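Work through the exercises below with the model open. Each task is followed by a solution in steps.

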There are 2 protein chains.
Amino acid sequence: METGADLKEEAFTARYPFIADEPDATFPDADHNDLANAIRLLTMDAVEMAGSGHPGMPLGMADVATVLFSRFLKFDPQVPGWPDRDRFVLSAGHGSMLLYSLLYLTGYKDVTIDDLKSFRQLGSRTPGHPEYGTLPGVEATTGPLGQGMASAVGMAIAERMMNARLGDDLVDHFTYVIAGDGCLMEGLSQEAIELAGHLRLSKLIVLFDDNKVSIDGPTRMSTSTDHLARFAACGWWVRAVDGHDPTEIRQAIGEARRTDRPSLIACRTQIGRGAPTMAGGNHVHGTPLGAEEIARARKAMGWETAPFTVPAPVLTAWRDFGRRSGTKREEWDRRYANAGPAQRRLLRRAPPLGDEARDALVSVKLALAKERPEVPTLQSSRKVLDAIMPVMPELMGGAADLAGLTGARALGQKAIKPGKFDGSYVHYGIREHVMAGVMNGISLHGGFVPYGSTFLAFSDYCRAAIRLSAMMGLNVVYVMTHDSIGVGEDGPTHQPIEHLASFRAMPNINVFRPADAVETSEVWQSALEQEGVPSLICLSRQALPTLRTSVSAENMAARGAYLIAGATADRDVTLLASGSEVAIAVEAAGMLEEEGVKAAVVSMPCFELFRQQGPEYRRRVLGTKPKVAIEAAVRDPWDRFLGEDDVFIGLDEFGASGSAEDLYDCYGLTAEAVFAAALRLVR
Amino acid sequence: METGADLKEEAFTARYPFIADEPDATFPDADHNDLANAIRLLTMDAVEMAGSGHPGMPLGMADVATVLFSRFLKFDPQVPGWPDRDRFVLSAGHGSMLLYSLLYLTGYKDVTIDDLKSFRQLGSRTPGHPEYGTLPGVEATTGPLGQGMASAVGMAIAERMMNARLGDDLVDHFTYVIAGDGCLMEGLSQEAIELAGHLRLSKLIVLFDDNKVSIDGPTRMSTSTDHLARFAACGWWVRAVDGHDPTEIRQAIGEARRTDRPSLIACRTQIGRGAPTMAGGNHVHGTPLGAEEIARARKAMGWETAPFTVPAPVLTAWRDFGRRSGTKREEWDRRYANAGPAQRRLLRRAPPLGDEARDALVSVKLALAKERPEVPTLQSSRKVLDAIMPVMPELMGGAADLAGLTGARALGQKAIKPGKFDGSYVHYGIREHVMAGVMNGISLHGGFVPYGSTFLAFSDYCRAAIRLSAMMGLNVVYVMTHDSIGVGEDGPTHQPIEHLASFRAMPNINVFRPADAVETSEVWQSALEQEGVPSLICLSRQALPTLRTSVSAENMAARGAYLIAGATADRDVTLLASGSEVAIAVEAAGMLEEEGVKAAVVSMPCFELFRQQGPEYRRRVLGTKPKVAIEAAVRDPWDRFLGEDDVFIGLDEFGASGSAEDLYDCYGLTAEAVFAAALRLVR
């Protein structure tokens with residue numbers, strides 16, 4: 001079989017004249033069917049071998065995907081990381097075999113037929129849903145529905161922002177999404193659609209698998225929405241096509257690429273197309289077809305091949321299509337080689353934190369220690385942003401309509417607007433979920449480190465997307481303010497009680513809760529230095545005194561926990577606290593000292609980093625004496641550090657509406673309470 | 001001042017001929033302005049006195065609210081709980097003073113001017129955002145945006161379902177919502193809009209405060225959505241009106257009441273209307289106006305009253321409007337008195353669990369213990385539903401398109417459909433968030449106990465609404481299946497790891513995780529018996545053996561934790577587990593016994609209920625010997641029960657795609673591992 005590794009553009013267009021720069025040329029249907037059927041049969045075989053999986057979508061969307069990958073998508077399987085490649089996001093992630101088949105067929109480096117054979121097996125590179133990092137060509141982890149839509153909007157934003165900085169020569173690509181009924185039913189998709197429409201992301205093209213079937217049956221059981229009208233109401237270009245007619249599909253994608261708005265192409269498809277008896281029903285969505293049905297399908301397609309075998313001419317054609325953009329990529333390489341170092345660094349994301357940024361962080365810390373502000377940590381965070389934004393061109397951010405309250409927008413930070421993407425701030429609107437999803441997409445695209453901000457209590461709205469940040473190990477920073485009952489009068493709906501616990505329980509995310517202005521700059525440094533871990537920085541609405549007035553360049557918060565005040569070696573009792581409660585512990589330590597009791601005060605800005613310290617350091621910090629812990633939140637995460645006789649002072653109920661001071665008194669979160677508890681423990 | 005407690009309908013319509021049954025009559029503008037300005041001034045005064053709050057919305061929507069409350073809303077302030085009252089939900093909950101003003105003006109029982117004076121103070125009945133249970137007339141806790149929209153859809157569904165059962169004579173009312181830009185930007189609202197449109201909830205009327213301003217500035221910074229077109233695409237009747245023109249507002253509401261679809265009335269308003277210099281800007285959204293601005297406003301309105309004082313004639317008029325529906329309510333009372341006992345019990349919700357239902361639960365438990373099925377607990381749960389559905393007419397449920405996989409639909413359970421609401425099952429579509437929000441609304445409406453189902457991993461999508469279930473203390477049941485890495489091949493996106501911890505950290509919600517078929521029936525009983533606490537029942541996808549084969553009517557799971565197997569008094573070690581891991585612990589205990597080690601096995605289906613047991617019971621169950629705990633999840637919540645030397649076997653990372661068996665082996669969740677750990681502890 002000819003693999004054509006050396007097939008150049010001239011030879012390619014001679015062989016496939018309908019491709020490349022002539023997207024409007026007639027497409028030979030017979031060829032098309034073979035190409036699409038290759039996806040179908042690999043999917044059937046892999047799901048059958050795995051004994052589970054979702055054949056319905058890959059079979060139904062095989063025609064659409066074939067047109068997209070063979071004719072439009074700009075990608076080079078030999079250089080999967082090419083920064084200016086088109087992005088393809090499979091938002092309907094359960095159809096993972098569609099993607100895996102395409103990666104194999106188009107000849108992605110290191111993607112073998114054995115990968116398809118080990119579909120859904122532990123340790124394989126082809127998990128049940130696409131997971132970022134397992135295979136080249138998997139641009140995002142998808143599966144939780146709607147998340148791919150949001151990520152794709154983020155990629156399309158990053159593309160335009162990068163384009164505004166580097167020009168068409170280096171960045172000018174499309175983002176394609178395949179979304180299903182489920183993606184479009186999730187409210188998250190509406191947030192994504194509205195933001196994309198508002199920003200007129202014309203290089204975003206959504207291919208909707210409009211098969212009118214979901215797991216439980218026909219979608220008419222639960223929806224009557226006119227999706228075309230809905231997208232149009234949000235500023236999208238829309239078109240409906242027969243999802244099995246390659247000509248219609250081609251024409252629609254061609255037009256979509258030329259509009260000045262994001263595009264929805266509703267592809268009317270039959271779920272499970274190609275499964276002779278099961279196509280069109282909901283059972284083909286998520287179960288293997290069985291050997292008989294597959295045999296019937298093979299026969300109907302006119303292929304007498306063994307499982308996992310694609311006829312050589314078809315595979316050759318697919319491999320050729322995989323090399324369609326090779327010349328473009330080489331040309332791009334030359335342009336890249338001629339670009340300036342600053343441009344190149346911006347494009348291929350620099351290490352998370354450059355020297356200049358680190359210096360700026362240390363400088364602002366030293367300045368804050370000197371200035372000793374008594375302000376909310378969200379204001380200190382704003383000062384940190386002011387300091388680093390000018391020296392971190394990769395840093396960009398936004399807020400869910402609360403920038404004025406959360407301090408999320410740095411001095412002079414320009415917002416992006418429709419047609420104008422040279423800014424670095426996104427007005428997400430009151431849409432927390434898409435904010436987090438877009439941050440994921442921006443980070444996946446590369447070139448930027450995104451932060452995003454809302455009240456900590458509203459992290460509940462975007463938790464599903466934050467979980468994906470953690471699962472993918474993305475360098476994104478969530479700036480979550482109003483982090484306790486210190487919120488005050490807005491009451492329990494706005495007061496996070498269990499949120500710290502809920503995120504400390506989540507794998508692979510660092511939850512920071514700084515105690516003062518100095519720690520705030522330190523946790524920002526930690527967040528930006530970490531690789532492969534998102535951060536959640538929790539900040540106070542109420543003013544906090546500066547506790548760390550004598551500081552060095554050393555990042556104490558990076559230790560996760562450390563002795564911040566009071567006695568050390570010869571302590572009688574240890575007081576543990578985080579964030580706004582550290583000042584209370586420090587005050588209690590002073591009261592204890594007057595009683596002749598030596599208290600060590602431990603600030604614990606990040607449990608996760610503390611757990612990564614050596615046992616000796618942990619022992620030295622925590623000590624062996626009785627402990628009192630205080631945090632304006634639930635107890636759960638603290639039990640790890642507390643013995644049976646130790647005391648925790650916090651909340652085990654929702655908060656209330658009232659002044660922050662009244663609330664702290666009412667719930668017993670006071671220096672007096674810490675003092676009394678400690679005294680009881682030592683006497 | 002005449003309070004008119006005895007004002008009968010004839011006298012009322014003589015005094016206000018334009019009201020009641022003549023909604024199309026001309027409304028005297030002068031009177032209207034006075035009525036609306038009463039809301040405005042009470043709002044200004046209360047926010048000023050509190051020193052914080054949100055005047056923008058109440059001032060802007062005062063005209064709309066005046067028309068609604070004076071002319072259309074069916075309510076009786078003397079009988080706030082009248083089951084057939086119209087429901088009014090303030091989805092834009094930050095505008096709470098709009099609601100509080102109206103409750104005072106219309107003369108709600110026990111709502112005094114002192115309540116308004118104590119706005120936002122700790123212990124007052126007028127918290128920053130409306131909280132269910134604080135004041136009569138507050139139909140739902142709102143504040144987290146979009147939640148009121150979802151709750152209102154739930155109320156409108158409950159109304160139609162109850163109407164289908166009891167007829168127009170007893171149930172026939174509207175649900176009105178005031179929603180802001182923020183509500184409509186949240187993706188949750190789209191899910192609510194789609195479901196309401198699909199079900200053609202014609203008695204749902206949304207009044208959109210279309211002021212084009214959000215906290216950070218004009219909404220054009222973040223949205224270009226045509227809301228009228230968007231709602232229309234989802235099957236709504238839509239209309240735009242001048243939100244300060246009482247005639248336009250009245251005509252639109254009048255028409256909306258006659259359509260056969262849910263209605264959106266976009267009320268073009270000026271935020272902060274009536275604040276002479278601040279109206280129209282974003283700063284009036286959430287800050288006190290200041291004494292000077294208020295003085296100017298008073299002057300412009302022609303009122304020289306002291307703060308918190310409404311001119312007597314205006315208050316009299318408002319109080320009269322408050323008694324507008326009194327006659328209707330009395331007529332309804334007579335119809336109710338003549339209704340049958342079954343109807344009456346259905347309407348005024350019976351105790352959560354009747355004797356018949358309790359008997360059915362015990363029967364199915366005894367049958368399951370005898371049958372000893374080895375099936376997923378989600379299948380056992382389905383059997384429980386089959387048993388209780390026929391004897392619990394108040395029980396209704398639904399799933400987010402996963403009923404076939406989660407066992408959420410009982411045998412023969414009929415789905416509700418547009419125009420046909422005699423069923424008890426809701427096809428929510430792939431919309432977890434609105435499912436939870438609708439469950440809240442159904443429960444708030446009264447008459448039903450709703451359950452809803454999805455995969456536990458996707459609880460992240462609806463966490464914000466579940467939090468409100470807990471905060472309001474609603475009797476709703478979340479049936480969350482696929483509760484661990486036992487999900488298998490679908491991989492980490494579908495495998496809950498931190499979700500048990502995250503909900504155990506949430507106040508006022510019971511998290512159940514039954515170990516087998518018998519415990520499944522017991523936790524259902526506990527969930528339905530609890531009052532004022534929502535439940536989250538976590539169920540396995542993988543088959544589990546029946547461990548409890550010898551049972552009585554006593555509900556062991558109601559204890560939260562209990563000795564399920566192995567040694568008791570003379571134990572050497574205690575094995576703790578929940579759900580699918582209890583069988584592993586039991587197996588390990590058997591292995592230990594062969595080694596001469598006496599192990600007690602504790603099943604812990606509900607941490608919250610266990611913590612409510614007396615200290616002696618807790619001590620007896622947990623014992624004093626070394627412990628090994630096992631749960632296919634993160635460690636955090638277990639630390640409360642474990643000492644420093646005890647062992648926890650679980651996960652501290654995201655799962656993977658593979659068979660459930662392979663995953664349990666890979667993560668060391670095996671009887672062998674428990675056996676080895678226990679042996680190390682005792683030797």
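**Exercise 1.** Decide whether helix α6(A) is enclosed or not, from the number of its buried residues.

Solution. The model is a predicted one. Step 1: a residue is buried when its relative accessible area is under 20%. Step 2: of the 20 residues of α6(A), 18 are buried. Step 3: the helix is therefore largely enclosed by the rest of the structure.

**Exercise 2.** Compare the expected span of α6 of chain A with the distance between its end C-alpha atoms.

Solution. Step 1: the helix covers residues 147–166, which is 20 residues. Step 2: the expected span is 1.5 Å times one less than the number of residues, so for this helix it should be 28 Å. Step 3: the end C-alpha atoms are 28 Å apart, in agreement. Step 4: just after α6(A) comes Gly167(A), with a positive phi of about 85 degrees.

**Exercise 3.** Describe the largest cavity by volume, lining and residue class.

Solution. Step 1: there are 10 cavities of 30 Å³ or more, and the largest has a volume of about 100 Å³. Step 2: its lining includes Glu186, His433 and Tyr461 of chain A as well as Glu186, His433 and Tyr461 of chain B. Step 3: α8 (187–198) of chain A and α9 (187–198) of chain B are the elements giving two or more residues to this lining. Step 4: by class, the lining has 4 nonpolar, 4 polar and 4 charged residues.

**Exercise 4.** Do the same for the largest pocket.

Solution. Step 1: its volume is about 1500 Å³. Step 2: 38 residues line the pocket, with Leu642(A), Gly643(A), Leu642(B), Gly643(B) and Glu644(B) nearest its centre. Step 3: the lining divides into 12 nonpolar, 6 polar and 20 charged residues.

Definitions and conventions: Residues numbered from 1 in each chain as written. Chains lettered and ligands numbered in written order. Predicted model: local features only at pLDDT ≥ 70, side-chain atom pairs only at ≥ 80, totals over all residues. Heavy atoms only, no water. 1 Å grid on protein atoms, 1.4 Å probe; cavity = no way out; pocket = protein on both sides within 12 Å on 5 of 7 lines; lining within 4 Å. Points joined across faces, edges and corners; volume = space filled by probe spheres on them. Nonpolar A, V, L, I, M, F, W, Y, C, P; charged D, E, K, R; others polar. Helix = DSSP H or I, 4+ residues; strand = E, 2+ residues; numbered from the N terminus. Buried < 20%, exposed > 50% of the residue type's maximum accessible area, 1.4 Å probe, protein only.
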